[in-house]
Amino acid sequence: MEEPIFRDTIVKVDLDIIRDNMMKIRAMNGDNVAIMAVVKANAYGHGACHIAQTLIDSGASYLAVATLTEALELRQVNTEFPIFILGHTPDRLLKYVVDNNITQTIFSFRQADIINRFASEHNKIAKVHIKVDTGMHRLGQQPSNNFANEILKISELSNIEMEGIFSHLALVDDAEDENQFQKFCSFVDTLDTLGIHFKYKHIADSIACVDYPQYRLNMVRPGALIYGMHSFHINYIPVVPAITMESKVSQIHRIKKGECVGYDYKWKATRDSTIATLPFGYVDGFPRELYNKGHVSINGQFAPVIGVICMDQCMADVTDIPNVDCETPVVIFGSGVDGSMTIGEVAKLLESNKNDILCRMGGRPPHIYLNEKEHN
Ligand SMILES: *Cc1c(COP(=O)(O)O)cnc(C)c1O
């Protein structure tokens, strides 16, 4: 028997759309460019452990996460597949990276030495990718003779494979992107002349791999693209959002003109009104910042969310919408054609980006997967 779904507020993820987006990304990048599929932040709210197999089946060469915790969660559902940690792992935790055959980002001989020690104790070859700072000053070392020498020393460690080298673009403008790219390439060339070669070289995230084909090198790291987000501006790829969030009305209130709704009585009825209580709040990924800005779609019609958004609930004005009752379906985030807000619209309203809005859905609401394929 199938497990019941314990809530009316759900996040739906269409795996066919994820598959389709992956096919488009692969077709665009060609057969010589490996895809490192980024599934950090619970796969941008889509559920990393649930979509991992779909990404693997669609031709990903690597799954990338931000933290060790995320890597270990993925390892539980997939014992073999290459997993990469994009972020820093503290020295004291590097043994878990080695134990679980996870590929780690490093940028110093010190880190490599620690990893090498654990790896040799367990007769393993641990894989690492070297992070180069080409301007963003987030993670990695800037190209220098010292850094090159450190990398040379790392290459002499017997239980480390320097499988990759990478950098990340700050995406300031086309000229600075090119500047960063050139810095990266020239450092890779320097290492090449020192006899240090890497299987994978990568710098392009979603935006860069669409807009700058020449930056793809032999690996790209798309996140947003897999989830159908359009943020590129020079070229185009028709990826489609795979996520929707839905709910059902929990209660109807009929209130008199002059009465108020919600915390601090922030919304006041200017006429006799019908108010629908909705069973989701900011902890479910409906941003609290949508106060006075957000709306949902009920019976295909625009329903403004009114008053302060609570942790677990919010209220909508449905005075002008016929036939709204307890359990009437509500579309929270959708395609836009049904009158619901798209992720892009919410991002604009919040003056944030789409990734921020997406990953907020990765917490409490149950996730339902459409078009799941059976695996033997
Ligand atoms: C998050 C991240 C990505 C993916 O970014 P998108 O914009 O979602 O494609 C790629 N590389 C690094 C280092 C990241 O942190």
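How far does a polar side-chain atom of Ser206 lie from an oxygen atom of the ligand? In this predicted model, the separation is 2.5 Å. That pair of atoms is a good place to start a walk through the structure, so let us begin with the ligand and then move out into the chain.

Ser206 has company around the ligand. In total, 13 residues surround the ligand, and the closest are Lys40, Tyr44, Ser206, Arg221 and Ala224. Arg221 offers a side-chain N or O atom that sits 2.8 Å from a nitrogen atom of the ligand. Asn355 takes part as well: an N or O atom of its side chain is 3.5 Å from an oxygen atom of the ligand. On its own, the ligand has 390 Å² of accessible area, and the protein covers 90% of that. If you look for pockets on the model, the space that the ligand takes up is the largest one.

Now step back to the chain as a whole. You will find 11 helices and 19 strands in it, and its C-alpha trace spans about 80 × 50 × 40 Å along the principal axes. The chain has 376 residues, of which 51% count as buried. What share of the contacts with a separation of 6 or more comes from residues 24 or more positions apart? Such pairs account for 64% of them. As for the surface, the chain exposes about 17500 Å², and carbon and sulfur atoms supply 49% of that area.

With that overview in hand, turn to helix α3, which covers residues 48–57. Its buried residues are Ala48, Ile51, Ala52, Thr54, Leu55 and Ile56. After the helix comes Gly59, with a positive phi near 100 degrees.

Ile56 leads us on to another part of the chain, as Asn78 touches both Ile56 and Gln53, leaving out residues up to four places away in sequence. Asn78 itself belongs to the loop that runs between α4 (68–77) and β4 (83–85). Is Asn78 buried or exposed? Asn78 counts as buried because its relative accessibility is 15%, and the cut-off for buried is under 20%. Its side chain also reaches the backbone nitrogen of Glu80, at 3.0 Å.

Two lysines make a nice pair to visit next. Lys124 is placed in the loop between α6 (109–121) and β6 (126–131). With a relative accessibility of 22%, Lys124 counts as partly exposed. Its side chain has two polar partners to look at: a polar atom of that side chain lies 3.0 Å from the backbone oxygen of Val98, and the side chain of Asn101 makes a polar contact with it at 3.1 Å. Setting aside neighbours within four places in sequence, Lys124 is in contact with Val98, Asp99, Asn101, Ala119 and Asn159. For a sense of scale, the C-alpha atoms of Lys124 and Gly281 are separated by 47 Å, with their positions 157 residues apart along the chain.

Lys183, in contrast to a loop residue, is found in helix α8 (residues 174–193). Its relative accessibility is 37%, so Lys183 counts as partly exposed. Beyond residues up to four places away in sequence, Lys183 touches Thr134 and Pro143. Val65 is 118 residues from Lys183 along the chain, and the C-alpha atoms of the two are separated by 25 Å.

Technical notes:
Residues numbered from 1 in each chain as written. Predicted model: local features only at pLDDT ≥ 70, side-chain atom pairs only at ≥ 80, totals over all residues. Heavy atoms only, no water. Helix = DSSP H or I, 4+ residues; strand = E, 2+ residues; numbered from the N terminus. Buried < 20%, exposed > 50% of the residue type's maximum accessible area, 1.4 Å probe, protein only. Polar contact = N/O pair within 3.5 Å; in protein donor to acceptor, adjacent residues only side chain to side chain. Contact = heavy atoms within 4.5 Å. Near = heavy atom within 4 Å. Areas by Shrake-Rupley, 256 points an atom, 1.4 Å probe, with all protein chains shown as cover. 1 Å grid on protein atoms, 1.4 Å probe; cavity = no way out; pocket = protein on both sides within 12 Å on 5 of 7 lines; lining within 4 Å. Sits in = over half its atoms within 2 Å of the grid points.
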